[in-house]
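User: Please take a close look at one part of this structure and explain how it is built into its surroundings. I would like a single connected account, with the cut-offs stated.

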Amino acid sequence: MSSLCEHCGVNMNKINQQVSVMRKEIKNIRQTLDTAVRAHRKHLMAIQTAVSKTHFNGHDKKDCTPSLSAQDALEQGTIQTVPIGYISSCFAVKNGTPRQPTICGPSRALLRIQQSVFNNPEHALVGLEQYSHVWIIFLFHKNGHQSYKAKVKPPRLNGQRVGVYSTRSPHRPNSLGLTLAKLDKIQGDTLHLSDIDMIAGTPVLDIKPYIPEYDSLNTRTGLESNPDLLTASEKEKASILSLDQEDKRPDDEDKDGILHLRGKSESQTQFFLPKETVSLLKEVESYVNKDDPSPPDCKGENRVSDCGKTEPPALTTDWPCYGGDSSTTIASWIREPPVSSLDVRFTPHAQQQLEAFLPAHLTEPSDCDRPRFKFLRSPEEAAAAIRAVLSADPRSVYRRTRCRDRLFFFTLDTADITCWFGQGFAEVLQVRPMRSQQH
């Protein structure tokens with residue numbers, strides 16, 4: 001009986017293992033089926049749209065009108081985008097491309113405005129040279145498929161799932177990307193960019209100048225000291241809130257009802273207001289600064305019995321509070337990700353190979369056999385770019401946690417880099433010119 005029981009136990013273990021494998025396979029089949037269903041729906045919608053267009057073109061235009069005019073389509077957000085240009089980048093493929101623009105400072109790219117968009121593309125760039133940084137709105141054209149999910153696994157979270165809109169995942173409903181790039185210079189219809197995270201061939205939809213006073217909360221304090229940048233309503237609110245902070249003068253209100261406000265620069269600004277408005281502003285001033293804990297309507301003998309008993313609600317404004325009180329919050333895993341930065345080192349052989357590359361735009365004899373960079377300006381800059389890319393651990397979650405192969409390959413400018421990852425470090429093994437650069 002004992003040998004028979006042991007035999008049964010072995011068979012049960014095998015059956016349990018097979019059941020576990022079958023469950024995993026069923027789960028994978030379900031996920032594949034869901035993806036196929038979503039793709040099928042999108043293809044079906046595309047076919048229906050194409051058929052409707054064909055049906056419309058086959059009839060007399062007098063008898064058939066389009067369902068939406070251009071204005072209606074724009075108001076509903078149904079628009080057809082046209083790239084204004086395409087990126088020429090030092091990153092040829094997705095593998096090894098930085099996930100954020102600030103990771104690799106030496107990374108460079110060119111953006112040429114197409115003449116099909118503007119007859120004179122250089123005219124569209126007039127004045128942009130006055131800015132140091134620009135916003136680039138682009139398309140993630142190398143996603144491989146248009147399917148997307150509500151929850152994703154950011155590489156910095158090492159496999160944990162969060163909502164797609166709390167991340168910068170490229171797998172989004174509209175595949176739109178946004179990056180802040182440094183504008184090095186403009187030559188004709190071409191922008192020279194750096195600090196980029198876009199691969200070669202990326203379609204660009206729009207360019208906008210980066211303005212710290214509007215785009216950065218850390219520099220919005222300048223708006224408070226520069227009244228020319230404030231709107232009329234904000235000026236009035238700022239003036240009311242600053243009444244009690246300045247010295248009161250007996251001639252602040254004269255017979256004509258002119259209210260004088262003194263700023264920090266000792267310059268006077270005159271507001272021609274009626275006496276009733278001036279008195280109301282002073283009541284609001286005292287209420288805002290809590291000189292009197294009761295509202296302006298509850299003064300003296302005219303107070304209602306319960307006015308003194310209840311505490312007035314705190315004053316809230318719908319305009320931004322700049323300066324020391326302003327703050328921003330972000331997800332904790334952005335500043336303290338589970339994935340730590342890696343130490344990057346080069347083997348002596350890889351260092352020698354890297355030093356053999358010629359900087360970009362360096363005049364050398366045409367018969368020189370040394371490889372040449374297209375964007376990077378020196379081997380030292382290339383080494384800094386490689387360190388920046390690898391220190392952020394560009395591997396996917398799967399390659400980081402499950403894949404046994406520790407080798408990693410990526411392309412930077414005209415160089416193919418081979419490295420491997422250890423515990424807390426990455427080591428560059430080879431830096432060879434791309435095959436297209438080899439003679």
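Analyst: The chain contains ten helices and 14 strands, where helices (H or I, at least four residues) and strands (E, at least two) are DSSP runs numbered from the N terminus. The model is a predicted one, in which local features need pLDDT of at least 70 and side-chain atom pairs count only at pLDDT 80 or more, while totals for chains, interfaces and linings use all residues. Residues are numbered from 1 along each chain as its sequence is written, and side-chain values use heavy atoms, with hydrogens and water left out.

Some totals come before the close look. The chain has 439 residues, and 30% of them are buried; buried means under 20% relative accessible area, exposed over 50%, and partly exposed in between (1.4 Å probe, protein chains only). Its accessible surface comes to about 30000 Å², with 52% of that belonging to carbon and sulfur atoms; the areas are from the Shrake-Rupley method with a 1.4 Å probe, and for residues only the protein chains shown count as cover. Of the contacts (heavy atoms within 4.5 Å) between residues at least 6 apart in sequence, 62% join residues at least 24 apart.

The part chosen here is strand β7, which covers residues 190-194. Five of its five residues are buried, so β7 is largely enclosed by the rest of the structure. The side chains of T190, H192 and S194 point one way from the strand, those of L191 and L193 point the other way, and all of these residues are buried.

What does β7 pair with? On one hand there is strand β2 (residues 108-113), which pairs with β7 in the antiparallel sense over five bridges; two strands are taken to pair if DSSP finds at least two bridges between them. Within this pairing, L111 stands opposite L191 of β7. On the other hand there is β6, joined to β7 by five bridges and also running antiparallel to it. Here K182 has S194 of β7 as its bridge partner, and L183 stands opposite L193. Strands of a sheet pair through backbone hydrogen bonds, either parallel or antiparallel.

β6 and β7 form a hairpin with two residues between the strands, and in this hairpin G188 takes a positive phi near 65°. K185 gives a view of the turn from the β6 side. K185 lies in β6, which spans residues 176-187. Apart from neighbours within four places in sequence, K185 is in contact with T190, L191 and H192, three residues that belong to β7 and are buried there. K185 itself is partly exposed, at 40% relative accessible area. The C-alpha atom of K185 is separated by 9.7 Å from that of Y131, a residue 54 positions apart from it along the chain.

β7 and its two partners are part of a larger arrangement. Six strands close into a barrel in the order β1-β2-β7-β6-β3-β8, with antiparallel pairing. From one strand to the next the twist averages 45°; angles run from 0 to 180 degrees between N-to-C directions, and axes are lines fitted to C-alpha atoms, for helices over the stretch in contact.

A second sheet can be set beside the barrel. There, four strands form an open sheet in the order β11-β14-β13-β12, and the pairing is mixed. Its edge strands, β11 and β12 (407-412), each pair on one side only. Direction ignored, neighbouring strands of this sheet are turned by 30° against each other on average. Helix α8 (residues 348-355) packs on this sheet, touching β11 and β14, and its direction makes about 40° with that of β14.

Strand β11 (residues 343-346) has alternating side chains: V344 and F346 point to one face and are buried, whereas D343 and R345 point to the other face and are not. β11 and strand β14 (residues 425-433) run parallel and are joined by four bridges, with R345 having E427 of β14 as its bridge partner. β13, by contrast, runs antiparallel to β14 and is joined to it by eight bridges; I417 is there the bridge partner of V431. T418 lies in β13, which covers residues 415-422. T418 is buried, with a relative accessible area of 15%. Residues up to four places away in sequence aside, T418 touches F408, F409, E427, V428, L429 and Q430.
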